[in-house]
Amino acid sequence: MADLFAYTDGACSGNPGPGGWGVLLLAREGGAVIKERELKGGEAQTTNNRMELMAAISALESLTRPSALTIVTDSAYVKNGVTEWIHGWKRNGWRTAARAPVKNAELWQRLDAAQATHQVTWRWIKGHAGHAENERADALARAGMAPFKPKAAPAS
C-alpha cells in the first residue's frame, strides 16, 4: 500500500497583499514516488497565514476518499493550531483563551471538517532549508500568487 504525503506552503507579497498556496501530493511505495499531483491557487488580498491554511485545506479537500496521509508544513501556525489550539477554540465557541475571536476561524473550521474523514499525521519542517518537496510547494505557492500580483510598469 502506498504512503500518501501532502507538502503544503503559502506565500504572500506583503502581509496582507496578494497571496498564493501550493500543494505537492506524493504517493510513495517503498520510498519511490509512484504518483504525484500539484495544486495551487491564490487571492488578491490575503495574509500568509490564510494561504498556509488554504494549502492544507486544499490538500485534504482534493482527496476523493478517506485516506491516511502525512501533511508536511513549514507553518508552525498551522501545525500547532490544528494539533493543539483548535480543541480549546472549539470548546470556547471559537474564542481564544483570552476570549477574543479566533483569527481565520472560518478557515480553521473548514480545515477541521476537511480532516475529519481522514487519518492525518501533521509534521512541521523548517522552511527554505533545502527540503526539495517543501521548495516545490513554495514554488507552487508563488505560482498561485502570480496572477494576483500587480504587473510591473514597462521600462521607458
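**Exercise 1.** In this predicted model, determine which residue of strand S2 is the bridge partner of Leu 4, and describe how strands S1 and S2 are joined.

*Solution.*
- Step 1. Leu 4 has Ala 27 as its bridge partner in S2.
- Step 2. This bridge belongs to the pairing of S1 with S2 (residues 17-29), which is antiparallel and extends over 10 bridges.
- Step 3. The two strands form a hairpin, with four residues between S1 and S2. In the turn, Gly 14 has a positive phi of about 85 degrees.

**Exercise 2.** State in which sense S1 pairs with strand S4, parallel or antiparallel, and establish how many residues of S1 are buried.

*Solution.*
- Step 1. S1 and S4 (residues 68-73) pair in the parallel sense, over five bridges.
- Step 2. Thr 8 illustrates this pairing: its bridge partner in S4 is Thr 73.
- Step 3. S1 spans residues 3-12, and seven of its 10 residues are buried, so that the strand is mostly covered.

**Exercise 3.** Give the order of helices and strands along the chain, and assess its compactness by the globule rule.

*Solution.*
- Step 1. The chain contains four helices and five strands.
- Step 2. Along the sequence their order is β-β-β-α-β-α-α-β-α.
- Step 3. The globule rule gives 15 Å for 156 residues, and the radius of gyration of the chain is 16 Å, close to that value; the chain is therefore as compact as a globular protein of that length.
- Step 4. Along the principal axes, the C-alpha atoms fill a box of roughly 55 × 45 × 30 Å.
- Step 5. Of the 156 residues, 46% are buried. Among contacts with a separation of 6 or more, 65% are between residues 24 or more positions apart.

**Exercise 4.** Locate Val 102 in the chain, decide whether Val 102 is buried or exposed, and identify which residues Val 102 touches.

*Solution.*
- Step 1. Val 102 lies in the loop between helix H2 (76-91) and helix H3 (105-115).
- Step 2. The relative accessible area of Val 102 is 8%. Buried means under 20%, so Val 102 is buried.
- Step 3. Leaving out residues up to four places away in sequence, Val 102 touches Trp 89, Trp 94, Arg 95, Thr 96 and Trp 108.
- Step 4. Val 102 and Lys 90 are 12 residues apart in sequence, with a C-alpha to C-alpha distance of 9.8 Å.

**Exercise 5.** Characterise the accessible surface of the chain and its charged side chains.

*Solution.*
- Step 1. The accessible surface is about 8,400 Å², and carbon and sulfur atoms contribute 53% of that area.
- Step 2. The chain carries 19 positive and 15 negative side chains. The centres of these two sets are 5 Å apart.

Methods:
Residues are numbered from 1 along each chain as its sequence is written. This is a predicted model: local features need pLDDT of at least 70, side-chain atom pairs count only at pLDDT 80 or more; totals for chains, interfaces and linings use all residues. Side-chain values use heavy atoms; hydrogens and water are left out. Buried means under 20% relative accessible area, exposed over 50%, partly exposed in between (1.4 Å probe, protein chains only). Two strands pair if DSSP finds at least two bridges between them. The radius of gyration is taken over C-alpha atoms; the globule rule is 2.2 Å times the number of residues to the power 0.38. Contact means heavy atoms within 4.5 Å. Accessible areas come from the Shrake-Rupley method with a 1.4 Å probe; for residues, only the protein chains shown count as cover. Lys and Arg count as positive and Asp and Glu as negative; His and the chain ends are not counted. The place of a charge is taken as NZ of Lys, CZ of Arg, CG of Asp or CD of Glu.
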